[in-house]
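Please read the following with the coordinates open beside the text. The account moves from covalent links to burial and then to the contact between chains.

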Amino acid sequence: MGLVAAHRGPAGLLLALALHLALCARPHRDYCVLGAGPAGLQMAAFLQQAGRDYAVFERESAPGSFFTRYPRHRKLISINKRHTGKANPEFNLRHDWNSLLSHDPRLLFRHYSQAYFPDAGDMVRYLRDFAHHLGLHVLYNTNITHVTLDKDPQAWNGHYFILTDQKGQAYQCSILLVATGLSVPKLVDFPGSEHLEGYESVSVDPEDFVGQNVLILGRGNSAFETAENILGVTNFVHMLSRSRVRLSWATHYVGDIRAINNGLLDTYQLKSLDGLLESDLEYLALVKDSKGKFHITLKYFLEENNSSQNADSIPLPQDDNDNFAMRVAYDRVIRCLGWKFDFSIFNQSLRLSSGNEFSKKYPLIKASYESKGSRGLFVLGTASHSVDYRKSAGGFIHGFRYTVRAVHRLLEHRYHGITWPSMEHPITQLTSSIIRRVNEASGLYQMFGVLADIILLKKVSCLYPHWPAKPSSGPRPSLLFLNLEHSCLRNATAFEYLEEFPMQMLAQLETLTGRMAHHGLFVISMEYGRNFSGPEKDVFFYDRSVGHTEDAWRSNFLHPVIYYYRHLPTEQEVRFRAAHWPLPRPAAIHHILEDFLTDWTAPVGHILPLRRFLENCLDTDLRSFYAESCFLFIFTRQKLPPFCQHGYLHMQGLASTESLQQHGVESRLLKSYAAMEDSSQGPGDHPLAPESLTQSLDSNKEEL
Amino acid sequence: MMSSTCGLVRVEGLLLLMSIFSKLTEASLSELSPQQYFSTLQPGKASLAYFCQTDSPSNSIFLEELKEAIRPLQDYGISVAKVNCVKEETSRYCGKEEDLMKAYLFRGNILLREFPTDTLFDVNAIVAHVLFALLFNEVKYITTLEDLQSIENTLKRKANMVFSYVKAIGTPEHRAVMEAAFVYGTTYQFALTTEITLLENIGSENIEHAHLYFFHCKLVLDLTEHCRRTLMEHPLTTLNIHIFVKMMEAPLLTEVAEDPQQVSTAHLQLGLPLVFIISQQATYKADRTTAEWVAWRLLGKAGVLLLLRDSLEVSIPERANVVFKRAEKDVPVEFLVFDDADSIVSHVKNNMYFEETQEDENEDMEGPDLDIQDDEVAETVYRDRKRHLPLELTVELTAETFNVTVMTSDSIVLFYAGWHAVSMAFLQSYIDVAIKLKGMSTLLLTRINCADWSDVCTKQNVTALPAVKMYKAGESPVSYAGMLGTKELLKFIQLNRISWPVNIASIQEAEKYLSGELYKDLFTYASVSVLGLFSPSMTTAKEDFVEAGNSLKGYVITGVYSENDVWRLSNKYTATLPALLLARPKEGKVESVPLASTQVQDVLRIIASALLETFPEITVENLPAYLKLQKPLLLWFSDGNINPQYRHTVLTLVKWKQLESVMPCWLNLNSTPVGREILKTYFGPLPPLPQLLLVNLHSGGQVYAFPSNQSVTEHNLLSWLKKLEVGLQNPITILSAQEWRPPLPAYDFLSMIDAAVPQHPSSKVPECPKETEVQSNEQQQEDKSTTRRQPIETLRIKHWNRNNVLKETEKSFQHEKEL
C-alpha cells in the first residue's frame with residue numbers, strides 16, 4: 001500500500017526505486033504465521049479460505065515437528081473418540097480432541113487412527129495431510145531467528161513486523177501470528193542440577209532402568225508418562241515437585257494428571273515402593289557420590305560448608321533427621337518440568353513480555369489473543385494458554401482450534417471490514433436457536449467459560465412485509481388505522497446470533513465484531529458448577545447431580561448458562577466482576593439443568609424453563625400456537641403473540657391435526673370449539689370427551 | 001311415639017343446623033297469660049315457658065338471653081313463651097316471690113323439668129339444658145368408667161357411640177353436643193360426662209379441653225375387645241361435630257378406577273383432602289391392608305381411596321404411589337412417592353396444618369407450578385409422542401444421501417428437528433400428505449432431521465425450522481412459504497407438477513384453460529386461474545409476467561397467451577392489453593384486470609389482490625390474506641351457508657361502491673367452529689344466528705353488532721355503517737388491548753445464587769423487572785441522584801477488590817503451607 005502511494009507521489013524516481021529495492025529485499029505478506037504446528041496450520045486454513053495474503057514459516061521440513069519428538073513415549077493423551085452414536089459432525093467434534101477445523105470431512109483425525117489415545121506419529125501424518133490437502137502456503141526449512149518492528153504510518157497498525165530467517169532473508173508482515181507453541185524445556189537451577197537428565201533426551205527404553213532407583217522432578221503428564229514407562233523395571237520411582245498432584249478428573253483441566261498416566265499413584269497408594277513427595281526444588285541440591293549415585297540435600301547445607309569439599313562429606317538431611325524421606329541414593333534423577341515459550345527471537349521493540357507469576361511460561365496477551373505490547377501481534381495455540389490456563393482447553397488442539405477461529409474473525413473485521421458472521425432470526429426462534437447450539441456446538445463445549453455465543457437483540461418494526469401499499473386513491477376510511485404491528489416496537493422482535501466470541505472481550509464486542517448491541521444481549525456459555533471441581537475435591541460425592549429444574553443453578557456437570565444484559569457491560573464491569581464469575585453480574589441468569597447425556601432437549605426439564613427465562617427477560621410471550629388459536633386471538637385481542645405475528649399473519653400458520661387437537665383438548669390447552677354449542681348452556685368451559693365432540697358435529701350436519 | 005315425632009323434627013333440624021348461627025332476625029317473645037299459655041300447648045310438642053310477675057324489670061338479662069334462644073329452640077320444634085302471672089289468674093307455676101321465678105319445660109301439658117333461671121345463664125345454657133332434658137334417653141349422662149364400659153358392651157356389633165366430655169353442663173360445647181344428639185341421637189348412642197377422671201381413665205391427653213370420641217362398636221367382632229375409637233381433633237362446635245360424624249359415616253376405604261382429578265366424595269365437599277393409594281393387580285392385597293391402616297389413621301382428617309392403576313385410563317407417573325388431592329377447587333392433584341404408610345399420614349397432617357395456619361402466606365409462597373407446560377404445540381406433540389406415525393412413507397435423508405437424492409429425482413424435503421415441537425407437529429401433516437399421495441405422485445417425499453444433520457440444513461440455507469423445499473432437476477430449489485398444514489402443502493405439491501406459467505398456444509386452448517377443462521384435476525386444489533394476455537410485441541411485459549407466474553408456482557395457476565390473434569380474447573373479455581384474465585371455473589366467471597404496471601412486483605401485487613373475493617367466507621386459512629387490506633371486517637357469523645339474500649345485499653352495495661371502507665365477509669360456524677368462541681367472547685352466551693358484526697381489528701378493537709330488530713337491507717346496512725362512522729353507535733365490546741406478557745415468571749436463579757452466597761455485594765441491585773422503573777424514576781430526579789449513586793458503585797468495586805485480594809493472599813498462603 002505504501003508503495004503504491006510512493007509511486008504516485010511527485011517526489012520522484014529515486015524514492016520509489018529505494019522503496020522498490022527495500023521491497024525486493026523483504027517480501028511483504030499481510031499475514032505471517034510463525035510455526036506450522038496445529039495452531040499455525042489452523043490459522044493458515046482460515047486465511048486461505050478467506051483468500052488472504054499470508055505465509056507460514058516453519059523451521060523444520062514438515063508440519064508438526066513437535067510431535068515427531070514429543071511426547072517421548074508416543075502416546076497422545078487427547079481423546080480420539082470415533083463413535084458417539086450421533087451423526088451430527090459438529091456434535092462429534094465435542095469428542096474429537098485432535099482434528100483441526102476444515103470443510104473437508106476427510107480431514108478428521110478419526111480417519112488417521114483407530115486408537116482412543118492415538119500415536120503421536122499419526123498426528124504428524126495428519127498435520128502433513130492437512131497442510132497438503134488444503135494447499136496451505138508454508139515456507140518449510142525457514143527458521144525465523146529474529147523479529148523486530150518497523151514503524152511505518154502507512155501500515156495497518158502503524159508498524160510492520162520484520163522477520164529474519166536463518167539465511168538473513170527478511171520478510172515484512174502487517175500482522176504477525178505467533179504459533180510457536182512452548183518449545184523451550186523448563187530448566188531448574190540448583191547445585192548439582194547439571195546431573196539431571198531431561199525429559200527431552202532421557203532414554204525411553206525401560207531396559208535402561210532395570211533395578212534402578214529413580215527420582216523424577218515434576219508432576220505433569222510428562223513426568224507421569226515417564227514414570228509409567230519404567231514403573232515395572234525399577235526398584236522404585238520417587239516423584240518430587242513443588243505442588244501437590246492435581247488430577248484432571250477432579251479439576252476438569254486436561255493439563256492436569258490424566259487417569260491414563262496415573263499408574264504411579266495407584267502403586268504408591270497400594271503400598272508399593274513408589275512414592276510422591278512435595279518440596280520446592282529451589283531449596284534442593286544434588287550431590288553425586290563416588291559411586292556415581294545421587295543424594296538429595298539442601299542448598300543451604302552446601303552454602304554453610306564451602307563447596308570445595310569432597311562430595312562424600314557434604315552434610316545430608318538424614319545426618320540430623322535419620323528418617324528423612326529421600327535419604328536413599330538415586331541412580332538417576334530425571335527432570336520433567338514442561339516447556340515454556342521461546343521469547344528469544346523477539347526484539348524488545350515488540351514488548352512481548354511474559355505473564356505474571358502463575359503464567360510465566362506464556363507471553364502476555366489480552367483475551368482477544370492480541371499482545372498487550374504491540375498491536376497486530378497475536379499469539380495462537382498452546383502459547384496463548386495464559387488466557388485460560390488451568391481453566392479451559394485453550395492450550396490444547398481441541399480448544400485452540402476455536403480460539404484461532406475467533407482471532408480470524410476479529411482480523412476479518414478489523415482489517416477487511418467483514419463483520420463477525422451472524423444469523424438474524426425473528427424473536428420466535430430465540431428458544432430453538434439456543435437449544436440447537438447448546439446441544440451441538442463444539443466450541444462452547446470445548447472452550448467452556450472462554451468462548452460464548454452472543455445474542456444481540458433487535459427491534460425492527462414488524463410491518464407486514466408482503467402487504468401491498470395502501471391504495472392512495474379515494475378517501476381514507478375513517479375507521480381505519482394500522483394497529484396490529486404497533487406492539488412490535490415494545491419488545492425485541494429479532495436477534496442476531498454470533499457464535500463463539502471470547503467472553504472476556506464482551507465490553508469491546510461492538511468494535512471487535514462490528515455488530516451493535518443496542519437493545520440488550522444474551523451470552524450463552526457452558527460452565528461447571530462453581531464449587532464442584534478443583535484439586536482435592538471429591539467429584540464423586542453422593543447426590544452430585546441435580547434433577548429438579550428449580551435447582552438447575554446448582555448443576556455441577558458442564559451445563560449451559562445464559563446471562564442476560566440490558567446493556568453491553570463496560571470494561572470496568574468486566575474487569576471488576578465478582579470472584580468466580582466469568583462475567584459481570586447480569587440482569588438475570590439462567591442455568592439449563594445439567595444432563596447426564598448432555599442432551600438438553602427435554603420439553604419440560606430443559607426447554608420450558610429456558611423459554612420462561614427468555615420470556616421474562618424480553619417481557620413477552622414466546623409460546624407457539626396453532627393457526628386456529630391465532631385466528632381466535634385476531635378476533636379477540638388487539639395484539640398478537642410473536643408466534644402468530646411471524647407465522648400465521650404471514651400465511652404460515654401451523655395447522656393442527658386431529659390427534660394433536662385431541663391431545664390439546666385433553667390437556668385443556670385447547671378447546672373443542674365444535675362442541676361448544678352444547679356446553680354453552682352450562683356454566684363450564686371444560687372440554688367434552690371426544691365422543692361428544694363427534695356427536696355434536698354429526699348433529700350439526702343434520703341440522704343443515 | 002315420641003321418638004317418631006322427634007324424628008320428623010330432626011330432618012328439619014338437620015337442614016337448619018348450618019343456618020342456626022346466621023339468622024339475625026330476632027324473634028319476638030310471645031307474652032301470654034297463664035290461661036292463654038296452657039291453651040296453646042299441643043300434645044307431643046315441647047314448650048319452654050318463663051313465668052314472671054308483671055312489671056318486674058329485674059330479670060331483663062335473662063329475658064334477653066331467652067329471646068335469643070327462641071329461634072334456635074324453634075328450629076328444634078320447641079316453642080318459647082313468657083307467661084305473665086297476672087293477679088286475676090293464679091297458677092302454681094307463678095312463684096310467690098320475684099326471685100323465685102322459674103322456667104318450665106313442658107311436653108304437651110306434661111311438665112318435664114323446671115329450671116331455676118340461674119342455670120339458664122345464657123343462650124347456650126338454655127339450648128343445652130332444654131335439649132338435654134328432651135333427649136334424656138338418647139344422651140346418657142355417665143360418671144364412671146364402668147358406666148362407659150357397660151354402654152360400650154351393650155352396643156357391640158349393634159351400634160356406634162358418640163362419647164363426649166364437657167367441662168360443665170350448659171357450656172357452648174355441651175350445647176354443640178346436644179344439638180348433634182338431636183340430629184344423630186337415633187343413629188348413635190350418645191354418652192356424656194363432665195367427670196375429668198373418666199376422661200383420664202380412657203387415656204386422653206390435653207384433658208383441659210372438651211373431647212369427643214366416636215366409638216366404632218358396630219365393627220367389633222370379638223365381644224371381649226374394646227370398640228375402636230376415633231378422637232375428634234377439632235374444637236367442639238356444632239359444625240365440626242356434624243362434619244366429624246359425617247366422616248365416620250363415610251366408607252372407610254373406597255376403591256376407584258377413574259382420574260383422581262375427577263373423583264369427588266363427601267370429604268371434598270366438607271373441605272377435607274383425599275388420599276389415593278395407588279394399587280395394581282399384583283400387589284392389591286397388600287395395598288388394601290396398607291390403605292385400611294392409613295384410612296384408620298386419617299379417619300376424620302382425610303378421605304382415603306384405593307386407586308386401581310391397571311384399570312385407569314389416565315396416566316399416572318410411574319413411580320408415584322400416592323395421589324394427594326386438596327379440597328380446594330382447581331388445584332391439580334399431587335403425585336407423591338412415599339416409603340411407608342406413616343409418612344403418608346404425616347404428610348396429610350402437615351398439609352392440613354399448613355392450610356389452617358398459613359392461609360394468607362400460602363399464596364405468596366407457593367406460586368404457580370412453573371414446570372407445567374403451557375405451550376399448546378409443545379404439550380400436544382409431547383402427549384402424542386408414543387403414537388406410531390407411518391414415517392416409512394417418506395424417505396429419511398442423511399448427509400450421504402441428501403445430494404444424490406435431490407439431484408437424481410424430483411423431491412420435496414422437510415427439514416425438521418426431533419426436539420422442535422413445531423417441526424414435529426408439522427411432521428404429522430407432512431406424513432398425512434404422504435398418505436394422500438401414496439402411489440400417486442412421481443415426487444419423492446423426503447425428510448431430514450436437522451438435529452442429526454445440521455451441516456446439511458445449513459448448507460441448504462435452512463435457518464428456521466420447519467422448512468420445506470422442492471428440488472427439481474434443472475431448477476433451483478423452491479422454498480414452500482405457505483401454511484404448515486396438509487391441505488396447503490398438498491396443493492403446493494400438486495400445482496407444482498406443472499411448470500407455471502403454461503404457454504397457451506391457441507384461442508381454443510385458451511378457452512379450455514379459462515373454463516377449467518385444461519388441468520381439470522388441479523381445480524380441486526385451486527379455484528382461480530390467471531391468464532396473462534400480451535400482444536406478440538410486448539416481450540418485456542411478457543417476461544415479467546412469466547417471472548411473476550414462476551414465483552407463484554405452487555400457489556396460483558398461471559398461463560400466458562401472446563399469439564397474433566390475442567385481440568380476439570381481449571375483445572371478448574373487454575380487456576386492454578396487457579391484461580390479466582381471472583377465471584373461476586366453478587362459478588363460470590371470467591373477469592379481466594388491466595396490467596397497469598408490468599414490473600414483477602406490481603404484477604405479483606395485482607394478482608394477489610385480484611385473487612381476493614368480494615364477499616369471501618373467512619376461514620382460518622384465508623384470514624391473513626384479507627387482513628392485509630387493513631379494513632374493518634363486516635362479518636356475518638352464520639350457522640351454515642350464508643343467506644343468499646345477504647350476499648345479494650352486499651354485492652349490490654359493493655357494486656354501488658358503498659362498502660369501500662370495510663371488508664364484507666362471512667364466517668361459517670360449522671366449517672370454522674372457533675367462531676363460536678369468538679361470539680362467546682363478544683356476547684357471553686351464543687347470540688341468535690346469523691349475527692352481523694363490524695369488527696375493527698386494526699384500530700381500537702371495537703366490535704359493533706347490527707341491531708337484531710332490523711332486517712338486513714341495503715338501506716339499513718348503510719345507515720348503520722354511517723352511524724358507526726360518526727360514532728353514534730356504542731360498541732358491544734372492545735377487544736382487549738392486553739400485551740402478550742410472559743405467561744408465568746421464571747426461576748429467579750440470580751436471587752437464589754445471592755441467597756446461597758450471602759456476602760455477595762450486589763444483592764441490592766434491583767431485580768430484573770424493576771430496574772426499568774427505577775431508571776425512569778431516576779431520570780425524573782435531578783443530577784443529585786446520579787452523583788449519589790457513584791460512591792455506591794465504587795464502593796462495590798472496592799468490595800470486590802478486597803474479596804479478590806483476600807482470595808489471592810489465601811491462595812499464596814496455601815502454597816506456602818504445601819511446601
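In this predicted model, Cys450(B) and Cys457(B) are joined by a disulfide whose sulfur atoms lie 2.0 Å apart. The torsion about the S-S bond of this pair is about -95°, and the disulfide is therefore left-handed. Both Cys450(B) and Cys457(B) are buried.

A search of the whole structure, taken over all chains, finds four disulfides, and the link just described is one of them. Chain B also holds a disulfide between Cys217(B) and Cys227(B), with a separation of 2.2 Å between the sulfur atoms. Here the torsion about the S-S bond is about 110°, so the link between Cys217(B) and Cys227(B) is right-handed. Cys217(B) and Cys227(B) are ten residues apart, and each of them sits in the loop between strand 9 (211-216) and strand 10 (228-231) of chain B. Cys217(B) has a relative accessibility of 0% and Cys227(B) has one of 4%; because buried means under 20% relative accessible area, Cys217(B) counts as buried, and Cys227(B) counts as buried as well.

In chain A, a disulfide connects Cys32(A) with Cys173(A), at an S to S distance of 1.9 Å. With a value of -85° about the S-S bond, the link of Cys32(A) and Cys173(A) is left-handed. This pair ties together distant parts of the chain, since Cys32(A) belongs to strand 1 (residues 28-34) of chain A while Cys173(A) belongs to strand 6 (residues 170-178) of chain A, the two being 141 residues apart. Cys32(A) is buried, as is Cys173(A).

Burial can be followed at further positions of chain A. Cys336(A), at 2% relative accessibility, counts as buried, and Cys617(A), with a relative accessible area of 9%, is buried too. Thr251(A), which lies in helix 8 (residues 248-251) of chain A, has a relative accessibility of 12% and therefore counts as buried. The side chain of Thr251(A) is also engaged in a polar contact, at 2.8 Å, with the side chain of Asp256(A).

How many residues does each chain bring to the contact between chain B and chain A? Chain B contributes 111 residues, and chain A contributes 111 residues. The size of an interface is often given as the accessible area lost when the parts come together. For chain B and chain A, the buried area is about 10,500 Å², and carbon and sulfur atoms give 61% of it. Within the area that chain B buries against chain A, Glu376(B), Trp419(B) and Trp740(B) supply 9%, which is more than any other three residues supply.

The polar side of this contact can be described by counts and by an example. Between chain B and chain A there are six salt bridges, and one salt bridge brings together the side chains of Glu677(B) and Lys671(A), at 3.0 Å from N to O. Between chain B and chain A the count of residue pairs in polar contact is 36, with both residues of a pair at pLDDT 80 or more. On the side of chain B that touches chain A, the residues divide into 54 nonpolar, 32 polar and 25 charged.

Methods
Residues are numbered from 1 along each chain as its sequence is written. Chains are lettered from A and ligands numbered from 1 in the order in which they are written. This is a predicted model: local features need pLDDT of at least 70, side-chain atom pairs count only at pLDDT 80 or more; totals for chains, interfaces and linings use all residues. Side-chain values use heavy atoms; hydrogens and water are left out. Contact means heavy atoms within 4.5 Å. Buried area is the accessible area (1.4 Å probe) that two parts lose on being put together, summed over both. A salt bridge is a side-chain nitrogen of Lys or Arg within 4 Å of a carboxyl oxygen of Asp or Glu. A polar contact is a pair of N or O atoms within 3.5 Å; within protein, one must be able to donate a hydrogen and the other to accept it, and residues adjacent in sequence count only if both atoms are side-chain atoms. Ala, Val, Leu, Ile, Met, Phe, Trp, Tyr, Cys and Pro count as nonpolar, Asp, Glu, Lys and Arg as charged, and the others, Gly among them, as polar. A disulfide is a pair of cysteine sulfur atoms within 2.5 Å. Helices (H or I, at least four residues) and strands (E, at least two) are DSSP runs, numbered from the N terminus. Buried means under 20% relative accessible area, exposed over 50%, partly exposed in between (1.4 Å probe, protein chains only).
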